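Visitor: Please take a close look at the largest cavity of this structure, and set it in the context of the whole chain. I should also welcome the cut-offs behind each term.

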Amino acid sequence: MPANPFRQARFATSANRLDQLPADAGVEVAFAGRSNAGKSSALNAICDQHGLARTSRTPGRTQLLNVFVLGEGQLRLIDLPGYGYAKVPEAMRAHWRGVIDAYLRTRGSLCGLVLVMDARHPLKEFDRQMLEFAAASGRACHCLLTKADKLSRGEAARTLQAVRKELAQFAPGASVQLFSAQAGTGLAEVRTLLTGWLGVATA
């Protein structure tokens with residue numbers, strides 16, 4: 001694979017139910033985050049593909065589990081439905097919550113969770129729920145503090161320190177970094193982490 005193996009990522013399928021996902025084999029990493037946290041932009045930047053994951057000015061457009069595969073398909077990135085501001089019926093929101101919960105609890109091939117948070121508004125209720133799940137299930141969790149370019153260098157450093165301190169208290173196994181899809185901040189760091197989780201070669 002090339003130096004950035006994620007350039008090989010390609011869309012495979014969307015799933016509304018767990019039984020529509022690819023077979024539970026191989027290794028996959030899930031991306032979760034609130035609807036306005038910049039999750040699709042982060043995926044596109046990591047994979048160096050502008051339109052891989054759909055982005056929109058309207059938060060919450062990711063309404064299915066979107067599956068992206070690397071190589072032969074045994075390595076996958078799963079884009080989970082955005083949570084928060086999506087203007088959809090409560091019944092649909094309840095369905096998403098149920099599917100995400102079941103996926104995170106039962107998916108055997110899931111090796112880690114990337115939790116995407118806006119650096120200006122980190123550790124909201126949904127973020128804490130995801131971190132608590134990761135801690136309880138023993139799954140690896142890495143937090144991306146996105147849109148770091150919207151903060152001054154000092155503000156970004158203080159935010160990172162504050163989030164790291166909170167994580168040490170209630171999710172000690174989780175890691176965290178600053179990230180900006182726009183400026184490219186933190187791209188090498190998260191790619192290195194993901195290649196390690198997925199076990200992909202970088203040369």
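Guide: Buried residues, meaning those under 20% relative accessible area with a 1.4 Å probe and protein chains only (exposed is over 50%, partly exposed in between), make up 47% of the 203 residues in the chain. This is a predicted model, in which local features need pLDDT of at least 70 and side-chain atom pairs count only at pLDDT 80 or more, while totals for chains, interfaces and linings use all residues. Residues are numbered from 1 along each chain as its sequence is written, and side-chain values use heavy atoms, with hydrogens and water left out.

The structure holds 1 cavity of 30 Å³ or more. On a 1 Å grid over the protein atoms alone, a cavity is a set of points where a 1.4 Å probe fits but cannot get out, and lining residues have an atom within 4 Å of a point. Grid points are joined across faces, edges and corners, and a volume is the space filled by probe spheres set on the points. By that reckoning, about 30 Å³ of space lies in the largest cavity.

Its lining is formed by A15, N16, Q63, L64, L65, P81, H95, W96, V99 and I100. Helix α2 (residues 90-106) gives the largest share of this lining, 4 residues. Helices (H or I, at least four residues) and strands (E, at least two) are DSSP runs, numbered from the N terminus. By class, the lining has 7 nonpolar, 3 polar and no charged residues; Ala, Val, Leu, Ile, Met, Phe, Trp, Tyr, Cys and Pro count as nonpolar, Asp, Glu, Lys and Arg as charged, and the others, Gly among them, as polar.

As for the surrounding chain, there are 5 helices and 7 strands, in the order β-β-α-β-β-α-β-α-β-α-β-α from the N terminus on. The radius of gyration over C-alpha atoms is 16 Å, which agrees with the value near 17 Å for a compact globule of 203 residues; the globule rule is 2.2 Å times the number of residues to the power 0.38. Taken along the principal axes, the C-alpha atoms fill a box of roughly 45 × 45 × 35 Å. Contact means heavy atoms within 4.5 Å; among contacts between residues at least 6 apart in sequence, 74% join residues at least 24 apart.

One example of separation along the chain is V116, in strand β5 (residues 110-118). The C-alpha atoms of V116 and F31 are separated by 7.1 Å, although these residues are 85 residues apart along the chain. V116 counts as buried because its relative accessibility is 0%.

How values were computed. 1 Å grid on protein atoms, 1.4 Å probe; cavity = no way out; pocket = protein on both sides within 12 Å on 5 of 7 lines; lining within 4 Å.
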